[in-house]
Amino acid sequence: MEWNPETLQFLSQCFLNTLSPLPEPRRRAEAALAEAADRPNYGLVVLRLVAEPSVDEQVRQAAAVNFKNHLKALWSVQPNDGAQIFIPKLEKEQIKALIVTLMVNTSPKIQSQLSEALSIIGKYDFPKAWETLLPDLVGMLDKLSQANDYVSVNGVLATINSLFKKYRYQYKTNEMLQALKYFLDNFAQPLLEVFKRTAGFLDQAVGSGAANARVLKDYIESQRLCCRIFYSFNFMELPEFFEVHLEEWMIEFRKYLTVKYSALEDNGNDGVTLVDELRAAVCENINLYIKKDEEAFQRYLGGFVEAVWALLVVASNSPSRERLTVTAIKFLTTVSTSVHHTLFAGDDILQQICQSVVIPNVMLRDEDEELFEMNYVEFIRRDMEGSDLDTRRRIACELLKGIALNYKERVTQKVSTQVQSLLASFAQNPAVNWKHKDCAIYLVISLATKKAGGSIISTDLVDVERFFGDVIVPELQSRDLDGFPMLKAGALKFFTMFRNQISKPVALALLPDVVRFLGSDSNVVHSYAAICIEKLFLVKDEGGRARYSSADVDPFLLVLMTNLFSALQKPDSEENQYVMKCIMRVLGVANVSHEVALPCINGLVSVLNRVCQNPKNPIFNHYIFESVALLVRRACKQDPSIITAFETSLLPSLQMILSKDVSEFFPYSLQLLAQLVDLNRSPLPANYMDIFAILLLPESWKKSANVPALVRLLQAFLRKAPNELNQQGRLSSILGIFNTLVSSPSTDEQGFYVLNTVIENLGYNVVAPYISHIWVALFKRLQSNRTVKFIKSLVIFMSLFLAKHGLQNLVASVNTVQPDVFRTILEQFWVPNLKLITGSIELKLTSVASTRLICESLSPSDTKLWGEMLDSIVTLISRPEEERVEEELEIPDFGETVGYGATFVRLYNAGRKEEDPMREINDPKQFLVASLANLSARSPGTYPSIITENLEPANQAALFQLCSSYNLTIV
């Protein structure tokens, strides 16, 4: 694409039309731009349009956004990636030559877009492929700051900040440290200079009394950006330059925590927020320094603690100053856990912290109530699931925990007094002071400590049982389901958190009340009720025995399930994952009789049919299918005849998912079908064979997420209907699937699952016509792309073949591919890799098969191979897995899964217990020793010398120890 008047006119009109309120011109313009974007020099031409002063500002702004998105999509694409569309190298160089100067000479809105675009380029090219960038930015920054052009200064600083930000999150490597050194050498001094220069302008503006909000805003934003760059520079380790110049930074930092900028802060929340963002950045910097170098920071500490404390007392009472409050409390928390914790030792200090910081920040605010009512998922995520670490409520409690590390008794006494005071205030006027009770409950929960490695929590603040009886039970037994819902939620949360300490009789007596709260109109309340029930049924007593059984649940099971399914009908809870998880847990505990199972399966299928139309919540979806699988498994175990009713309800939905290819549910449906096939008796009903046809469609296997589930279903059919699968060419199709799967490292394991099931369930006369093709496919893959995983799977398959169809058939069929190739396989693959086999069933299978090989096939005259095989067998059965297996890093074949983002998730409850193909042999060690004793008895004196010559000393000792253990002798 060339830059000329026609191109300028064409692109200008297109960008103008993208702003049109009419859909048709907008669509045409977007299509035209998308087509033009495929041509070389498109990005360069759009950038020149952005620079064109004669073009309307709105059009240039739209072009700047398009330019940024164009770079985001294509800058990282290289010609050798095989891509058809990429930005040529020459065009990239021209863009880099133009963008820095253009960015600082445009209006703020365009400047912000170009700054983002420059950051995108910098992510890939800076510093190695764009060495001129930092010197250019430094030169401009100096010139612009001296000219007092702070709109442009902030554009440059924002760009530098985005370039350096990545060094806060990277692992420390030599390459990263070299890059950081380059930045320090070239920008640490200029950063300090612009920071001090701006500080001077800011002081001058405030001191003259003539400062206006616009001027101050740019200066404050500039200092905030300098603070963020300071944070990036110091995050990994403290550079010497900053330690040398620490005084200059710290003087300004403290100033920004103590000075009030009235021109901004007295003009509404926007001004306060802007200044608070600078103060928060300062708090993060000083927090970083006290963590990394307490000694160097010590002389500044007292002044900063005083300044932060003064700010915090004021900010804690303002709902709009959350970020400053959180960062300030984090700083004080760090101080409280450092060697300077004595600053918090005084009783008066602790009293002030409780009254002036903790209580105001823990007390519910209007925005908390709004979140509770308008976005229950986010409220629960913060409140129950612990993602609220950066909220006022949680961070205020973290400060108390920090102080308690050194002054536990004092903190406990002060907070306990506050809790009692809050409860007394509530008792005086419950309707008005209900937030005080919520605050008390929150403090007790948040300051509780969890025992290492468990879910049991404890607290010294209150006697849990008395607090539960006096404070929590009245809320749980309240007849008003929807009155003061946040208090109800707090009570349910307390019950959930302290469930291990609440005795079984007390909990069971209150369980009907919790079940009642499933009917609350509040999404949070009925979610917390579901969470409480679900967690309660997981409680275990000492020895790992479940505290609650089906006998405890059955008396109110009907109302419990009714309320759970009713909760899924409430607005915004149609896909409530907490309710569905509770359904799953109840089905795992309760007695799922015929009377319970049928309404439950119908209810679950109804929910499934609804979410199939538009699946949105993957966690909810997983619990639906897990619930169905669990119900099918437990109900059919109790009453096998119920499967017909389940099929009537479930199969139409599963068939609909398969026919409509609902991709999110496809793997789940296949796993449920496999479970139903497993539970059926042979011969299978005819409708299952209709479903089987889907397995043979090549389209079904193209999505990698479907493969494990398709294999699981195919295995189920092979076990239940082996004769039907040997008709109408189906077995040939199945082996074609195996061939496709085994040829790729990403699916070869699934291919072996198919092959193992074929060998295990079909007679040799059925398999014989195909067996040479199977060996050819396996050896072809072994020759072209062998991996340890593949070789291990091959050894397991050959062992299974030997166990099912005999040693003679194994050796003969392999040698039909090439004379005596079986020996080559043994020498090069079986013997060296046998010791790497893992899994109890696989270990038993391969060790027994290998034992049979040396005792029934290999000649003792072949001493080296015989001895090496025995050495591998002894290693396999005598050494722990961690000694004989090194973890293999398989490189995934990404090319096969590109373009499909879904993943396979196994249904725990639809799984099938693995069967042992060597059930008749109890102990593979005994089998080895007995077989060797029998073999040696037929040729006395032959084998001890072979063992001595070929087994490692440790394995010789292990073998003789086994002989002694089983009272057998190799003669």
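**Entry 1: salt bridges**

I began with Arg823 and Asp862, whose side chains meet in a salt bridge at 2.1 Å, N to O. The model I am reading is a predicted one, and I keep that in mind for every distance noted here. Arg823 sits in helix α40 (residues 821–833), while Asp862 is in the loop between α41 (840–856) and α42 (863–878), so this pair ties together parts that are 39 residues apart in sequence. For Arg823 I looked up the relative accessible area, which is 28%, and I therefore entered the residue as partly exposed.

I then turned to Lys703 and Asp661, whose side chains form a salt bridge with an N to O distance of 3.2 Å. Both partners are in loops, Lys703 in the one between α33 (686–695) and α34 (707–720) and Asp661 in the one between α31 (643–660) and α32 (666–679), so the pair connects parts that are 42 residues apart in sequence. Lys703 has a relative accessible area of 24% and is partly exposed, and Asp661, at 36% relative accessibility, also counts as partly exposed.

The third pair I noted is Arg323 with Glu277, a side-chain salt bridge of 3.1 Å, N to O. Here distant parts of the chain are linked, since Arg323 belongs to helix α16 (residues 322–336) and Glu277 to helix α14 (residues 269–292), 46 residues apart. I asked myself whether Arg323 is buried or exposed; at 33% relative accessibility it counts as partly exposed. Glu277 is partly exposed as well, with a relative accessibility of 25%.

Having gone through these pairs, I searched the whole structure and found 51 salt bridges. Among them are bridges that share partners, and these join Arg228, Glu277, Glu284 and Arg323 into one network.

**Entry 2: a helix pair**

Next I looked at how helix α22 (residues 464–476) packs with helix α24 (residues 504–516), and I recorded an angle of about 35° with the axes 10 Å apart. On the α22 side the contact is made by Phe468, Val473 and Leu476, and on the α24 side by Val506, Leu510, Asp513 and Arg516. Sorted by class, this contact of α22 with α24 has five nonpolar residues, no polar ones and two charged ones.

**Entry 3: pockets**

I went on to the open spaces and noted about 1200 Å³ for the largest pocket. Its lining is made up of 42 residues, and those nearest the centre are Gln715, Tyr753, Asn756, Glu842 and Glu914. I found that α34, α36 (748–761), α38 (788–805) and α41 each supply at least two residues of this lining. Which element gives the largest share of the lining of the largest pocket? I traced that share to α36, with eight residues. The class count for the largest pocket reads 16 nonpolar, ten polar and 16 charged residues.

For the second largest pocket I wrote down a volume of about 600 Å³. It is lined by 26 residues, with Met384, Glu385, Gly386, Lys450 and Met497 lying nearest its centre. The elements that give two or more residues to this lining are α20 (392–428), α21, α23, α25 (523–536), α28 (577–589) and α30 (618–638). By class, the lining of the second largest pocket divides into nine nonpolar, six polar and eleven charged residues.

**Entry 4: cavities**

Last, I looked for enclosed space and found two cavities of 30 Å³ or more. The largest cavity holds about 110 Å³ of space, and of the 14 residues that line it, Asp383, Arg393, Asp438, Met486 and Gly490 are the closest to its centre. Two or more lining residues come from each of α19 (376–383), α21 (434–446) and α23 (485–497). I counted nine nonpolar residues in the lining of the largest cavity, together with one polar and four charged ones.

In the second largest cavity there is about 40 Å³ of space. Its lining has 14 residues, of which I noted Ala37, Arg39, His70, Phe86 and Glu91 as nearest the centre, and α3 (42–50) and α4 (57–74) each supply at least two of the lining residues. The class count for the second largest cavity is eight nonpolar, three polar and three charged residues.

How values were computed
Residues numbered from 1 in each chain as written. Predicted model: local features only at pLDDT ≥ 70, side-chain atom pairs only at ≥ 80, totals over all residues. Heavy atoms only, no water. 1 Å grid on protein atoms, 1.4 Å probe; cavity = no way out; pocket = protein on both sides within 12 Å on 5 of 7 lines; lining within 4 Å. Points joined across faces, edges and corners; volume = space filled by probe spheres on them. Helix = DSSP H or I, 4+ residues; strand = E, 2+ residues; numbered from the N terminus. Nonpolar A, V, L, I, M, F, W, Y, C, P; charged D, E, K, R; others polar. Axes fitted to C-alpha atoms, helices over the stretch in contact; angles between N-to-C directions. Contact = heavy atoms within 4.5 Å. Salt bridge = Lys/Arg side-chain N within 4 Å of Asp/Glu carboxyl O. Buried < 20%, exposed > 50% of the residue type's maximum accessible area, 1.4 Å probe, protein only.
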